[in-house]
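Got the viewer open and a hand on the mouse? Let's take a walk through this one, stop by stop.

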4 protein chains.
Amino acid sequence: MKDYIFKLRMAVRDYECDIEGIVNNANYLHYMEHTRHQFLLTKGVSFIELHRRGIDTVVARINVQYKTPLTSDTEFDSCLNVRKEGVKYVFYQDIYRVEDEKLCVRATVEAVAVVNGRLAESPELDMMLK
Amino acid sequence: MKDYIFKLRMAVRDYECDIEGIVNNANYLHYMEHTRHQFLLTKGVSFIELHRRGIDTVVARINVQYKTPLTSDTEFDSCLNVRKEGVKYVFYQDIYRVEDEKLCVRATVEAVAVVNGRLAESPELDMMLK
Amino acid sequence: MKDYIFKLRMAVRDYECDIEGIVNNANYLHYMEHTRHQFLLTKGVSFIELHRRGIDTVVARINVQYKTPLTSDTEFDSCLNVRKEGVKYVFYQDIYRVEDEKLCVRATVEAVAVVNGRLAESPELDMMLK
Amino acid sequence: MKDYIFKLRMAVRDYECDIEGIVNNANYLHYMEHTRHQFLLTKGVSFIELHRRGIDTVVARINVQYKTPLTSDTEFDSCLNVRKEGVKYVFYQDIYRVEDEKLCVRATVEAVAVVNGRLAESPELDMMLK
């Protein structure tokens, strides 16, 4: 496993699996969003608090490679790195099955700050890079 | 708007919006999955029927650009083209807001057939290309 | 089928089904919420618009009987009646499979108006009873 | 807080909140399902394993009282008791906010065993009562 600045251990919930018995592909985006928000909290940044102050984090682009499907009764580590490129925050997010450290999903998520409805720099969000 | 081989008109459901008042980014994957499955049905191919016969369609890669967020009380057209490249089915999926034909999401979804647990060619799925 | 003041025809989306191949029980609450909000719109009442003006509709109690499970590739009619009892709006919501008019779900949903954070009467919401 | 035979600590995920900033009412059913399945696992009973052997647990009735809404960045304890009444398993499920032990949701969930498509007794599921 590579080095990451943040890891969150989670478990598959049965309702997240579809009829094929594997986690539905949309739910990985939920896992990754939750991971980003929990990471932000460790930096003292609350997604909701920022929203109330008119600062929204908006996802602009997502690239997901599905490598190995997660199934029921399975734990996984949702891992994250982040880098700023221009106005974009680029999150590198990988999900590994705990039992064998197998890579399940590899993703890049690009987000931007929207302040009072307009694309903007946000010193508040830049806190996550510190 | 470009030419598409399939279009599905849908409406945003309020529970699909998050605290920012916009459709959560994961839900677009749900819209696009539903569009693919409805498209397959028009070709006489049922995702569920195939699953029962041991033929699963598995998403291998997704690339989504979020252009304009959808909001409550809004109708949209979920549009689709598809092409086969090697063993992959590549879906080109765009979502437009109905009221002004504004492009909301542009995505590429790559899927493969898994037959009895192994990557395989599936004449049944190839029906969608006819 | 009984008489209802509002009906909405919908189709099961495959991602709403779980590994048992039936619609997950939580998703019926989504169907019913969407039905209520669409009903409100026919009365000129937008859930989101009200929210922006400080008027929230909050569900206080739900009673659901699951009679026959909905499955993939199935259409259903989501039907609604409503009555006011004190400060509560009581919605009677039944879901029928289209193909044989079989009753799938029978529910009672009690909601109240919360205005600027406090339980209150809302003439705006009472519009739905007219 | 009352006595319970099983408790699961969870945290609200932001995508589970709707535009009102509170957890959408359907998501509590997800929390409660996950709690039941985790409880079953502590008794050596896997919902998915049983499904593969033709034994499905099907929810027949749900009664939910929403007392205090959960919001973002909040932890909660999902608590459970269970009793058998005839062929039904009756789960008493309460959700408390961790910070002040405030009762958020009080629910009764009735489930039955369906074996090879028919309502039946299931010694495998009865294991949860031991």
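What follows is a tour that begins with one chain, moves on to how the copies are arranged, and ends at single residues.

Before you click, note that this is a predicted model, where local features need pLDDT of at least 70 and side-chain atom pairs count only at pLDDT 80 or more, while totals for chains, interfaces and linings use all residues. Residues are numbered from 1 along each chain as its sequence is written, chains are lettered from A and ligands numbered from 1 in the order in which they are written, and side-chain values use heavy atoms, with hydrogens and water left out.

**Stop 1: chain A on its own**

Select chain A and show it as a cartoon. You should find three helices and six strands; here helices (H or I, at least four residues) and strands (E, at least two) are DSSP runs, numbered from the N terminus. Trace the chain from the N terminus and the order is β-α-α-β-β-β-β-β-α. The radius of gyration is 15 Å, close to the 14 Å that the globule rule gives for 130 residues, so chain A is as compact as a globular protein of that length. (That radius is taken over C-alpha atoms, and the rule is 2.2 Å times the number of residues to the power 0.38.) Spin chain A around: its C-alpha trace spans about 40 × 30 × 25 Å along the principal axes.

Now colour chain A by burial. Of its 130 residues, 61% are buried, where buried means under 20% relative accessible area, exposed over 50%, and partly exposed in between (1.4 Å probe, protein chains only). Contacts are worth a look too, a contact being heavy atoms within 4.5 Å. Among those in chain A between residues at least 6 apart in sequence, 67% join residues at least 24 apart.

Switch to charges next. Chain A carries 18 positive and 20 negative side chains, with the centres of the two sets 7 Å apart. Lys and Arg count as positive and Asp and Glu as negative, leaving out His and the chain ends; each charge is placed at NZ of Lys, CZ of Arg, CG of Asp or CD of Glu.

**Stop 2: the copies**

Bring up chains A and C together. A turn of 180 degrees with a shift of 0.0 Å along the axis lays chain A on chain C, with an RMSD of 0.0 Å. The two copies are thus related as by a two-fold rotation axis. In chain A, the C-alpha nearest that axis belongs to A:Ile19, at 2.0 Å. The same surface serves both copies, as 100% of the contact residues of chain A recur in chain C. Superposition here is by least squares on the C-alpha atoms of residues with pLDDT of at least 70 in both copies.

Swap chain C for chain B. Chain B goes onto chain A by a rotation of 180 degrees with 0.0 Å of shift along its axis (RMSD 0.0 Å). Which residue of chain B comes closest to the rotation axis? It is B:Asn63, with its C-alpha at 2.2 Å. Again the same surface serves both copies: 100% of the contact residues of chain B recur in chain A.

**Stop 3: A:Arg13**

Zoom in on A:Arg13, in the loop between strand 1 (6-11) and helix 1 (25-42) of chain A. Is A:Arg13 buried or exposed? Its relative accessible area is 5%, so A:Arg13 is buried. Show chain D as well: not counting residues up to four places away in sequence, A:Arg13 touches D:Met10, D:Arg13, D:Glu16, D:Tyr31 and D:His34.

**Stop 4: two strand residues in chain D**

Stay with chain D and select D:Asn81 in strand 3. At 18% relative accessibility, D:Asn81 counts as buried. Beyond its neighbours within four places in sequence, its contacts include D:Tyr4, D:Ile5 and D:Phe91.

Then go to D:Glu110, in strand 5 (residues 103-115). D:Glu110 is buried too, with a relative accessible area of 17%. D:Ile62 is 48 residues away in sequence, yet the two C-alphas are 6.4 Å apart. Contacts of D:Glu110 outside its four-place neighbourhood include D:Val58, D:Arg61, D:Lys88 and D:Val90.

**Last stop: an Asp with positive phi**

Most residues other than glycine have a negative phi. Now select C:Asp73, where phi is near 55 degrees, a positive value. C:Asp73 lies in the loop between strand 2 (55-66) and strand 3 (75-85) of chain C, and is partly exposed at 41% relative accessible area. Finish at D:Asp73, where phi is also near 55 degrees.
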